[in-house]
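Good morning, everyone, and thank you for making time for this. I would like to walk through one structure, and I will ask you to keep it on the screen while I talk.

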Amino acid sequence: MKFLQNILDSARPAVTTGKLKPLYPLYNAIETMLFVPNHNANSGAHVRDAIDLKRTMITVIFALIPALIFGMFNAGYQHYKAIGLLNDAIGWLQFFTVDNFIFGAIKVVPMIVVTYIAGLGVEIYFAYINKHAVNEGFLVSGLLIPMTMPVDMPLWMVAISTIFAVLIGKEVFGGTGMNILNPALTARAFAFFAYPSFMSGDKVWINTTTVEGEALVDGFSGATALGQYASTGETTYSAWDAFLGIIPGSIGETSTLLILLGGIYLIATGIGSWKIMLSSLFGAIAISLIFNLVAPNMISPEQQGFLSIPFYFHLVFGSWAFSTVFMATDPVSASHTEKGKWIYGFLIGFLGIMIRVFNPAYPEGMMLAILFMNVMAPLIDHYVVEGNVKKRLKRLIISAK
Amino acid sequence: MPRIFFEAFLILHMSKTTHIIQKGLNLPLVGKPSDKVNFSEFPNSFALRPSEFIGLNPKLNVKVGDKVKAGECIFHDKSNDKILITSPVSGEITAIDRGPKRRLDAIVIRPDEKCDYINFGKEFPIEKEKIISKLLLSGAWSLLQMRPYGCIANPMDAPKAIFVNGMASSPFASKPSISLNGKEEFFTAGLKVLNSLSNRTILSISLDEESKILTQASGAELHRFSGPHPSGNTSVHISKISPINKGDIVWTISAQDVAIIGQLFISGEYHLDRVIAAGGSGMKEPRYFNVRGGQSMLGFFNENVKPGNYRFISGSVLTGNNIGKEGYLGYLSKQITIIPEGENTDFLGWVLPGFGKYSFSKAYFSWLFPNRKYDLTTKLNGEERAFVVTGQYDKVFPFDIFPNQLLKSIWAEDLEKMEELGIYEIVPEDFALCEVICTSKQPLQEMVRKGLNVLYAEMN
């Protein structure tokens, strides 16, 4: 470790006083990532908890990594299966193969690298002009953004979406801690509306380019389960496959099992709010049961089919699990009060499934539901806090009598 | 079976005066003081620091070379010239230290061989005014704090109650049962004095307190509290017993200081003597010591602290002042804590499992060892960041207040919001635990103090 410290020490003069001053935030970020600084408490409490924002963020990354790795395998698996190189019968043996992983990694790793470079570039620029340290929030956003994208998303679109999200979603509001919208979902929403042909439909979820570099013959449908439901009212995927994650979808969203593990880790470490996750579950179940009740009254058979599916289908298909565990729990854009978190989470589950079922243009509703609730969260908090203010006022009036 | 009914009855009966605090945190620190009490050598220097008296604007009454007696005024408050801060010893003023902008830093006194006390009279006056003037003249008034704002009480106010704190929940705090041992008479007399100042005197003690001085104290309404720190903070007691509304004034004092007041009325002399706990991993043998407020700690530290790079805190690790090795014990301090200064950087400390890192969260794997005690240093363990995490403070903040929202209103200097969100009910020490566990390493106590100062300036 000594040699790393020496390298950092030798570079310090150049970035603190020399010509490379604009690079100081970058230098500082690298230095503090390698070595947690030995700053001492000089006001207030003399001892401090070991937790800091870096640890908080890396904990979320730990929780994301299983789903990410699985996503890489799945990208390869779906690809080779689509071009007819896999035999359906052998199943798992064909899933965790080096080929699948390499195919996925070649697709996904560049997306992650591009996201980090684009996002951190903007962050470092703002850190320089606002003279503060680079905030760690983007460590998580930078991983979330590629995980919400289809595997074939062109890298320049990923970069532009990321820059838009950091700039408009975060920095214009004052940077980390001040943003209203979840930055990762802002990036996804931007990509979704700016490049719809790359973000939705039947063709984007699976790479179907053959080894020879030609697109696969027509007639192959790589629709997601929700896409199928929206158009036909039924799906060809089983709930069990969806729970394990061997279905087409955005890179990180498919494996409900591994997302569940990540969620358990976040709850166990106290980093993710269990209140939001649990209430989102309640919300999703509630609306599913309501749909089950009204399904027979629907006119079109597709609607009848989609409305009558059991609630656990909604939990394993699409991105309900991923959004609930990793997106809704972003503490900055979520409700800040504990009571508010119950309402916020419930409505995310409720509205997410509702949009998913009722709007055929958006086969998945979680993104819109969370962004909508991000905007509503301050309002929820306002009423929760107002309750506390009223209680205090009432006490004052009683004591005055 | 009847026993269950009896106990249920007892709980129901007790519930009005017994309060169980759920939220909070007892920091698992090494260096807990034993119950042994030692005499510390009489120091060769004393100092008074005006900055210790919140809300006091000091005006000097002495100059270098003056001889003073114990109980003689050293400086007073410019905005209320009745509030005097008096010398804890007799001796000669040897130095008056000033900081930037000629701010008064410290008044240093070299004590006489034999302490010569001013006699304020042994009689116990009946009239409230005479009692107040005796307290003011002797300087003992400075031991009384007021809420809101947490500054020295204003003798013109009529408080709705006086809260006496007989608890010790903060890390290594002096147990009142040890500190008051042998001072029963003084404590009782002190309570009598407080009773003549207000209609309601409330003594808060721990649920498992056994010392008869406290459990059988006469002249005070007894309330018992249990639970982790901050169950011993006066703000918690006030919030459970008689919450402060806008316009309310409450006075607060610690049980030890009540005994000092009692001694003043019995002996006529102002003895700023306390029995305080000296804890922390830097102490050779953590235990209690007899000390006097304002005394030089150099000799004490030389004798009792291990060699090494330590932080010398007058007060607790949560709220105390860093006085340095050559520092002076605070005038109001009731404990001393010595912990190591943080020195080394931590290679990849935020990524590694962190089996040996203390955290209230479970983000490090040290939670696998729940009973471990830690030798915490003064390291910040990170850097200051914007508020990101929510719901964190609530876990150690047992008030019906939204801490994040209140802090943000303070930050924005929105006076109306501060009032609405309950700033009158808290003082900086109530945010100490929030500050310890804060992910963003925000200086919360400093923020709260600023907020209270802004509000005070606006209201007075």
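What follows goes from one chain to the contact between the chains, and then to a few local details.

Let me say at the outset that this is a predicted model, and everything I describe should be heard with that in mind.

I begin with chain A, which has 17 helices and one strand. Its radius of gyration is 23 Å, close to the 21 Å that the globule rule gives for 401 residues, and so chain A is as compact as a globular protein of that length. If you prefer to think in terms of a box, the C-alpha atoms of chain A fill one of roughly 75 × 65 × 35 Å along the principal axes. Buried residues account for 50% of the 401 residues of this chain, and, of the contacts in chain A between residues at least 6 apart in sequence, 72% join residues at least 24 apart.

One helix of chain A deserves a longer look, namely α7, which covers residues 183-194. This helix has 12 residues and reaches 16 Å from its first C-alpha to its last, close to the 16 Å expected at 1.5 Å a residue. How many of the 12 residues of α7(A) are buried? The count is 10 of the 12, so α7(A) is largely enclosed by the rest of the structure. Among those buried residues are A:L185, A:R188, A:F190 and A:F192, and the elements of chain A that the buried residues pack against are α5 (137-147), α6 (155-170), α8 (196-199), α15 (320-327) and α17 (366-400).

Let me turn to where the two chains meet. Here 63 residues of chain B are in contact with 49 residues of chain A. On the chain B side, at least two residues each come from β18 (310-314), β21 (346-347), α9 (403-411), α11 (432-437) and α12 (444-459), and α11(B) gives the most, with four residues. By class, this side of chain B has 27 nonpolar, 20 polar and 16 charged residues.

There is also strand pairing across the chains: β1 of chain A, residues 35-36, and β21(B) pair in the antiparallel sense over two bridges. Within that pairing, A:V36 stands opposite B:D346. Following β21 of chain B, in the loop that leads from this strand to α9, we find B:L348, whose phi is near 50 degrees, a positive value in a residue other than glycine. Is B:L348 buried or exposed? With 12 other C-beta atoms within 10 Å, B:L348 is exposed, since the cut-off for exposed is 12 or fewer.

Chain A offers a second case of this kind in A:K131, with phi near 55 degrees, again positive in a residue other than glycine. A:K131 is found in the loop between α4 (98-130) and α5 of chain A, and is exposed, with 8 other C-beta atoms within 10 Å. As background, most residues other than glycine have a negative phi, and most peptide bonds are trans.

That brings me to two peptide bonds in chain B. The bond from B:R147 to B:P148 is cis, with omega near -10 degrees, and B:P148 lies in the loop between β10 (145-147) and β11 (151-152). The bond joining B:H229 and B:P230 is cis as well, with omega about 10 degrees, and B:P230 sits in the loop between β14 (221-226) and α6 (234-241) of chain B.

Staying with chain B, I would point to an open sheet of four strands, in the order β3-β9-β8-β5, with antiparallel pairing. Its edge strands are β3 (46-48) and β5 (67-68), each of which pairs on one side only. Three bridges join β3(B) to β9(B), and one residue pair to look for there is B:F46 with its bridge partner B:I109.

Beyond β9, in the loop between that strand (104-111) and α2 (128-138), is B:C115. This cysteine is partly exposed, with 17 other C-beta atoms within 10 Å, and, leaving aside neighbours within four places in sequence, B:C115 is in contact with B:A70, B:V89 and B:S90. By contrast, B:R103 lies 12 residues away from B:C115 in sequence and 29 Å away in space, C-alpha to C-alpha.

Finally, the domain assignment divides chain B into domain 1 (37-42 + 272-340) and domain 2 (380-459), with 29 Å between their centres, taken over C-alpha atoms.

Technical notes. Residues numbered from 1 in each chain as written. Chains lettered and ligands numbered in written order. Predicted model: local features only at pLDDT ≥ 70, side-chain atom pairs only at ≥ 80, totals over all residues. Buried ≥ 20, exposed ≤ 12 C-beta atoms within 10 Å, placed from the backbone. Contact = placed C-beta atoms within 7 Å. Nonpolar A, V, L, I, M, F, W, Y, C, P; charged D, E, K, R; others polar. Pairing = 2+ DSSP bridges. Expected span 1.5 Å × (residues − 1). Rg over C-alpha atoms; globule rule 2.2 N^0.38 Å. Domains from an automatic or database assignment.
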